[in-house]
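Here are some worked exercises to try with the viewer open. Have a go at each task before you read its solution.

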Amino acid sequence: MKPHRFLDQLRDVETAPLYGHVEELAAGLVRASGPAARLGQLCEIGLSDGRTTPAEVVAVSERGITLIPLELDVSLALGARVTATPHDRRMLAGDGFAGRAVDALGRPIDGAGPVAGGVSHISAEVSALDRVNPATVMATGVRAIDGLLTLGVGQRIGIFAASGVGKTSLIEQLAAQIDCDRCILCLVGERGREVSGLWDMAQATAAPERFTLVAATSDESPVMRARAVDQALALADHWRARGEHVVLMLDSITRLAMALREIGLAAGAPPTVRAYTPNVFAALPRIVERCGAVRGGGAITAIMTVLSETDDVDDPIVEVMKSLLDGHIVLSRLLADQGHFPAIDIVRSVSRQAARLVEPDHLALMRNAVGLLAAYDENRVMIESGVYRARSNERIDAAIAARAALAGFLRQPNDEAVAPAATLASLRTVPS
């Protein structure tokens, strides 16, 4: 039979909507008798005033479903009707999001009116053989990174730090200075003040239209915090598929893991190390692998911040992310306390693509500088306590002689952008 547009429209009509009723309420949690729904699907829960509030399905069983409301400040009642919506985890994308700030559902939060031209986006799987290694150097304008931790277009890196060591300042500097077609700022579980500050920074740049902000603050539900990452990735997927270079800044992956843990515990999943549930360790690799460069297309360069509970950088999320990413930049509280910005601990940091991306002479300078820093760091106690005697070890003597030059090279104001050629020239002045 020949297809007809009326038949296509009839297939999308729900003549008998599926529904159930609320049977149990807990803090941030709803259990209902139905409807038959899929994991991640949205449902609408009826309120006493006739309105509805959305909730996401986080567990399904023969007895019913478990949901987490997207809005926390609503009053729910037993017996309220729960209706399935036709929408799953599809997110909105499109050029209308350029220069806009939105929430985890793609709704504007910048007061500039509705987002125009949003289209439903389904994540397309990229096969392993279609993912390619970074082939182009990505200049950040930060000497410590461009000179000693060189990054490539499409690389996935993490900024690892405890609180209060300059992570936000470094993120702002990178966002303002990296040359790209699009920059997506995804803030998960952050304070509202930081969301406002980062958006003000983006608007003050020469090209505010290349920025898109997706935010779910710490006072929002765990479902909204997790969906903020999905929304940001949908936008990045959309623009990468058109051949554009997208920089995705996710702050922070640790707070995303905490949101996923809340969802997992609500769904009845067993807690494992540090009470993180299995869904956390299943989601993190998928998020990382959705980023990167693709063959014959664009690239998503991912910069993800990872909060460590201590400066020893030893918690499970830190270890998992270090194994998944293409490099990690570790910030040091010791350097931050000395007023050293950016407080990058070069010895503990690494870019797994740097050796492939830089020229041989740059690589030699890089290895010399890192070696000198490592030699000083290894013998710091002897040197600074006065125990070490000059000319006892040639390499330690060289590290001491280069200390001032390396410190000057690594220090940089957060409003200064340095060209790659100037960075390389400065690196050549470091004694070998």
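**Exercise 1. Locate Asn379 in this predicted model, then decide: is Asn379 buried or exposed?**

Step 1: Asn379 sits in the loop that links helix 11 (360-378) with helix 12 (380-385).

Step 2: Look at the accessibility. Asn379 has a relative accessible area of 14%. The cut-off for buried is under 20%, so Asn379 is buried.

Step 3: Now pick a partner further along the chain. Ala399 is 20 residues away from Asn379 in sequence, and their C-alpha atoms are 9.7 Å apart.

**Exercise 2. Work out what surrounds Ser332.**

Step 1: Start with the position. Ser332 belongs to the loop between strand 19 (327-330) and helix 9 (333-337).

Step 2: Its relative accessibility is 10%, so Ser332 counts as buried.

Step 3: Leave out residues up to four places away in sequence, and the contacts of Ser332 are Val165, Ala343 and Asp345.

Step 4: Check the polar side too. A polar atom of the Ser332 side chain is 3.3 Å from the backbone nitrogen of Leu335.

**Exercise 3. Does the length of helix 6 come out short, long or as expected for its residue count?**

Step 1: Helix 6 covers residues 253-266, which makes 14 residues.

Step 2: With 1.5 Å a residue, the expected span is 20 Å. The calculation multiplies 1.5 Å by one less than the number of residues.

Step 3: The end C-alpha atoms of helix 6 are 20 Å apart, so the length agrees with the expectation.

Step 4: Add the burial pattern. Among the buried residues of helix 6 are Ile253, Leu256, Ala257, Leu260, Ile263 and Gly264. As background, an α-helix has 3.6 residues a turn, so residues three or four places apart point the same way.

Step 5: See what follows the helix. Gly268, just after helix 6, has a positive phi of about 90°.

**Exercise 4. Trace the barrel: in which order do its 6 strands run?**

Step 1: The order is 1-2-5-4-3-6; the barrel is closed and its pairing is antiparallel. From one strand to the next, the twist averages 40°.

Step 2: Go through some pairs. Strand 1 (residues 19-26) and strand 2 are antiparallel over 4 bridges, with Val22 opposite Ala32 of strand 2. Their hairpin has 2 residues between the strands, and Gly28 there has a positive phi near 70°.

Step 3: Strand 2 also pairs with strand 5, antiparallel over 3 bridges. Here Arg31 has Thr66 of strand 5 as its bridge partner.

Step 4: Strand 5 (residues 64-69) in turn pairs with strand 4 (residues 52-61), antiparallel over 6 bridges. Val57 stands opposite Leu67 of strand 5.

Step 5: Bring helix 6 back in. Helix 6 packs on this sheet and touches strand 2 (29-32), strand 4 and strand 5, and its direction is at about 150° to that of strand 5.

**Exercise 5. Which residues touch the most other members of the largest nonpolar core?**

Step 1: This core has 56 residues, and the ones to name are Leu148, Leu174, Leu185, Met249 and Ile303.

Step 2: Zoom in on Ile303. Beyond four places in sequence, its contacts include Ile157, Ile171, Leu174, Val247 and Met249.

Step 3: Don't stop there. A second, separate core of 51 residues has Val58, Phe160, Leu248 and Val306 among its members.

**Exercise 6. Hunt for backbone oddities: where are the cis peptide bonds at Pro35 and Ser252, and what are the phi values of Ala275 and Arg391?**

Step 1: Recall the baseline. Most residues other than glycine have a negative phi, and most peptide bonds are trans.

Step 2: Gly34 and Pro35 are joined by a cis bond with omega about 5°. Pro35 is in the loop between strand 2 and strand 3 (42-46).

Step 3: Asp251 and Ser252 share a cis bond as well, with omega about 5°. Ser252 is in the loop between strand 16 (245-251) and helix 6.

Step 4: Ala275 isn't a glycine, yet its phi is positive, about 70°. Ala275 lies between helix 6 and helix 7 (278-289), in a loop, and is partly exposed at 32% relative accessible area.

Step 5: Arg391, also not a glycine, has a positive phi of about 70°. Arg391 is in the loop between helix 12 and helix 13 (394-410). At 75% relative accessibility, Arg391 is exposed.

Methods
Residues numbered from 1 in each chain as written. Predicted model: local features only at pLDDT ≥ 70, side-chain atom pairs only at ≥ 80, totals over all residues. Heavy atoms only, no water. Buried < 20%, exposed > 50% of the residue type's maximum accessible area, 1.4 Å probe, protein only. Polar contact = N/O pair within 3.5 Å; in protein donor to acceptor, adjacent residues only side chain to side chain. Contact = heavy atoms within 4.5 Å. Core = buried A, V, L, I, M, F, W, Y, C linked by side-chain atoms within 4.5 Å. Pairing = 2+ DSSP bridges. Axes fitted to C-alpha atoms, helices over the stretch in contact; angles between N-to-C directions.
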